[in-house]
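Biologist: I'd like to walk through a structure with you, one question at a time. Could you put it on the screen first?

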Amino acid sequence: MQLNPKLFDRDVEQIPIRQGFGEGLLEVARVDERIVGLCCDLTGSTKMNLFAEAFPNRFTQMGIAEQSMASTASGMAAMGKIPFISSYAMFSPGRNWEQIRTTICYNNSNVKIVGSHSGVSVGPDGGTHQAIEDIAITRVIPNMTVISPCDAIEARKATIAATTMFGPVYIRLAREKTPVITSENTAFDIGKASIVFRNEGDADVGVIACGALVYNAIMAAKELESEGVKVRVMNLATIKPLDEEAILKLAKETGKIVTVEEHQIAGGMGSAVAEFLAENMPIKMRFIGVRDKFGQSGTPEELISHYDMDVESIKSSIRDIRM
Amino acid sequence: MQLKSFKKFLLKINDYNMHLTENKIQELEIKANEIRQSIIEMLISAGSGHTAGPLGMADIFTLFYFHILKHDPKNHNWEGRDRVVLSNGHICPVLYATMAHSGYFSIKELNTLRKFGSRLQGHPHREFLPALETSSGPLGSGLSQALGMALADRIDNNKTSDKFFYCFMGDGELDEGQIWEAVMHAGKEKLHNLIGIIDRNNIQIDGYTEDVMPLESLRKKLESFNWHVLEVDGHNFEEVNDAVEQAKAIFNKPSIIIAHTIPGKGVDFMERIPEWHGNPPGKGPDDIVSKKDQGKRALAELRTLQGKIVSEHE
C-alpha cells in the first residue's frame, strides 16, 4: 500500500475531499460522453462547476429542487445517460430520500448521487447543514452502493470508478480541507477495504474507519505505538457492499474492533460492520461517532472534539477495548 | 422522385396524418370497452386495487396505444419508441390491460395482478416487467422522469428528435410539490417534445380535489409556468387526438392536456363516486349495488354498453 509519503509530516497537504470529486468528474466526462451532471444551485460548493463549465450542454441547473433532481436523473439514466446529481448531503440524499429510493434504486437506475458537506466538520453553518445520517439512509436501500472516500485523491478515483459499474452509487464528500492520506499509486477498487496503518508483528486492536476521520484513526494508532499498543487501521471506503473477507480477517487477527466515522453511530458504517460481525464472528467492539445528537456551530476542530471523534477520543476507545 | 425516397415521403405524410376516421373511432370504442372489461375482471381476481381511475382513463389509454404512440409491443426496447411515464402508478390496471390488448403480453396474464410472483405488481415495477418505462406509485415523480428523458434526448439529438415523451398524471397528485418543481423546470427548458396528460377527474382518496386541496385555476397556473395548455373531454377520441396533434406542433414550449374524465366511466353505479377510487368491485360502496353483485353488474353493464344493447348477457 503506497500512501502519501508526507502522511506523518506536519505540513501534509490539505485538500477538500469534494475537490477530488470535481476533478474526477471532469476527467471521466472527457472520455465518456454518457456522463451528465445535475445540481441544485450549489455547483461551486459541490465542485460540479468544473464539469459544468467544460460541458455546459451536459449540465442541468435544477434550481433548488432536490426531489425533482433525483427523478430527472432517473429519467436521463433511462435514456442511457450516466447522471451525477450533487448537492449537500443533507438535501440529497436527505430531502429527496424517497425519490432516490423509488425512482433511482427501485428502478436500479444508473445514477450517481454525490452528497457534499457531510459530517459535523461543515462547522459554522450549524446542525441544519451537517448530514450525519446519510450513510444510514443510503445503505438501507437495496441496489445502492455506498462510498465514503478518505481524501481528495480517493474521491477522484471513486468518482471515476462509479462510472465503470452499473447501478446507483452514493458518494459521501466533506467540505473542509483534510489531509491527503493516499497517493496516486494507492489502489482503489469499489468494495475493497485496505489496511492503511500496521505495526510489525501481531496487532492488539483493529480500527475500521471511513471518510476524513481515517486520518485521525491513523494518528491515534501512530501515537499509541509509544505506549506499546499495536493497532491496525483499515480504510473502509466502500461501506456497501462490505468487504466481508477483509473485515473478517482483521477481526480474526485482532479480536477487537473500533469503528470510526463522522456519522451517527445508529445505522452508520460501524453498524454495518457490527451487523456482519455479530453473525459471523461476534467480538468486542467500540464505536466512535455521534451518539444520537444533532450537530451545532463551531470550528471543525471544536466539533470533532466535542462529539468525541478526535485523536484523543479514538485513543481512549482503543485503550478501553484493549483491557 | 425515386421510388425509395417517394416511399419515405409517403411514410412521413402518414406520420403526420393522424386524423381519426369514423371506422377507427368505432374500433377504438370497442377496444376501450374490452379494456374496461379486463380492468374489472383483473380487479375482481386481485380482490384489491383502484377502480375509478383506470376506468376513467381507459379511453385515453386505448387512443394512445392503438393510434397515437410510436411503439412496438413485440420489441419493447425499440430505441425509436415514444416514451410513456405513468406517474400515478395506482391506475396501473388500465396500463396493464391496454398493454396486454396491444400485444405486450397475454391477456390471460392480467389475472395475476397483485399476486405473489406476478410481473403485474400492485404498483408498476420495471424490474418485474421490463416493458414498463419506469416504476411508480409514490405520487408526483413521473413528470420529472419524463422531463429527464426529454432532456437526455435533446442532448443527443438537439431539436431534431421525432420522439415524444408523455407523462400521465392524476389530478390529486398535483398536490405534490415535486410536480411543480418539474413544471417550473420544463417551462425553463422549453421542452417541446414533453407532453403531460392530467386525468382531471376531480376525485382523490379523501374526497373531491377542490375540497381536499383546490387546484383551480389549473389552466392559468400551468400557463403561467410557460406551458401550452389544452383542455379536452377525455372520453372524446377526436378531441384528445386533436389536442395531442396540437401539442406535438407546439415547438417552443412543453404542452399539457387537461383531460376531463369521469371516474368509473362505463359503469353507471361507479361513475363520479370518490369511494370507488381505491376499492375493487366487491368492496365498494354498497348503497346502490350490493357488494357481492358489484363485479357481475359492472361486467354486464360494460358488455351491454350500459344497457344500450341487449344481448345474451342480460
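Biologist: Let's start right after a helix: which residue follows H11(B), and what is its phi?

Modeller: Keep in mind that this is a predicted model. Most residues other than glycine have a negative phi. The residue that follows H11(B) has a positive one, and that residue is B:Leu305, with phi near 50°.

Biologist: Okay, and on how wide an arc do the buried residues of H11(B) lie?

Modeller: H11(B) covers residues 294-303, and its buried residues are B:Gln294, B:Ala298, B:Glu301 and B:Leu302. An α-helix has 3.6 residues a turn, so residues three or four places apart point the same way. Here the buried residues sit on the same side of H11(B), because the arc they cover around the axis is only 95°.

Biologist: What do those buried residues of H11(B) pack against?

Modeller: We've just met them: B:Gln294, B:Ala298, B:Glu301 and B:Leu302. Their packing partner is a helix of chain B covering 22-46, namely H2.

Biologist: Now H5(B): how many of its residues are buried?

Modeller: To count as buried, a residue needs 20 or more other C-beta atoms within 10 Å of its own. In H5(B), the list of residues that pass includes B:Cys92, B:Tyr96 and B:His101. The helix is largely enclosed by the rest of the structure, because the count of buried residues is 10 of the 10.

Biologist: Which elements does H5(B) pack against with its buried residues?

Modeller: The buried residues, among them B:Val94, B:Leu95 and B:Met99, have both helices and a strand as partners. In chain B, these are H2, H3 (52-56), H4 (58-68) and S1 (83-86).

Biologist: And what phi does B:Gly103 take, just after H5(B)?

Modeller: The rule of thumb about negative phi is for residues other than glycine. B:Gly103 takes a positive phi, of about 105°.

Biologist: H2(B) and H4(B) keep coming up, so how do they lie relative to each other?

Modeller: Two packed helices are described by the angle between their axes and the distance between the axes. For H2(B) and H4(B), the angle is about 120° and the axes are 9 Å apart. Angles of 65 to 115 degrees would count as roughly perpendicular, and over 145 as roughly antiparallel. H2(B) and H4(B) are therefore oblique.

Biologist: How many charged residues are in the contact of H2(B) with H4(B)?

Modeller: On the H2(B) side, the residues include B:Lys24, B:Lys31 and B:Arg36, and B:Asp59 is one of those in H4(B). The contact also has seven nonpolar and two polar residues, and the number of charged ones is four.

Biologist: Let's go between the chains: which element gives the most to the side of chain A that touches chain B?

Modeller: The contact takes 25 residues from chain A and 23 residues from chain B. On the chain A side, two elements give two or more residues: H3 and H5 (97-105). The one that gives the most, with nine residues, is H3(A).

Biologist: How does H3(A) lie relative to H6(B)?

Modeller: H3(A) is residues 66-78, and H6(B) is residues 142-157. Their axes come within 6 Å and cross at roughly 50°. That angle makes H3(A) oblique to H6(B).

Biologist: What is the make-up of the contact of H3(A) with H6(B), by class?

Modeller: The residues that meet include A:Ser71, A:Gly75 and A:Met76 in H3(A), and B:Gln145, B:Leu147 and B:Gly148 in H6(B). Sorted by class, the contact has no charged residues, eight nonpolar and eight polar.

Biologist: Where is A:Pro241, the residue after the cis peptide bond from A:Lys240?

Modeller: Most peptide bonds are trans. The bond from A:Lys240 to A:Pro241 is cis, with omega near 0°. A:Pro241 sits in the loop between S12 (238-240) and H9 (244-254) of chain A.

Biologist: Last one: how many other C-beta atoms lie within 10 Å of A:Asp41?

Modeller: A:Asp41 has a positive phi, near 65°, and lies in the loop between S2 (35-39) and H2 (49-54) of chain A. A residue with 12 or fewer such neighbours would be exposed, and one with 20 or more would be buried. A:Asp41 is partly exposed, because its count is 14.

Key
Residues are numbered from 1 along each chain as its sequence is written. Chains are lettered from A and ligands numbered from 1 in the order in which they are written. This is a predicted model: local features need pLDDT of at least 70, side-chain atom pairs count only at pLDDT 80 or more; totals for chains, interfaces and linings use all residues. Axes are lines fitted to C-alpha atoms, for helices over the stretch in contact, and angles run from 0 to 180 degrees between N-to-C directions. Helices (H or I, at least four residues) and strands (E, at least two) are DSSP runs, numbered from the N terminus. Angles under 35 degrees count as roughly parallel, over 145 as roughly antiparallel, 65 to 115 as roughly perpendicular and the rest as oblique. Two residues are in contact if their C-beta atoms, placed from the backbone, lie within 7 Å. Ala, Val, Leu, Ile, Met, Phe, Trp, Tyr, Cys and Pro count as nonpolar, Asp, Glu, Lys and Arg as charged, and the others, Gly among them, as polar. The arc is that of the directions from the helix axis to the C-beta atoms.
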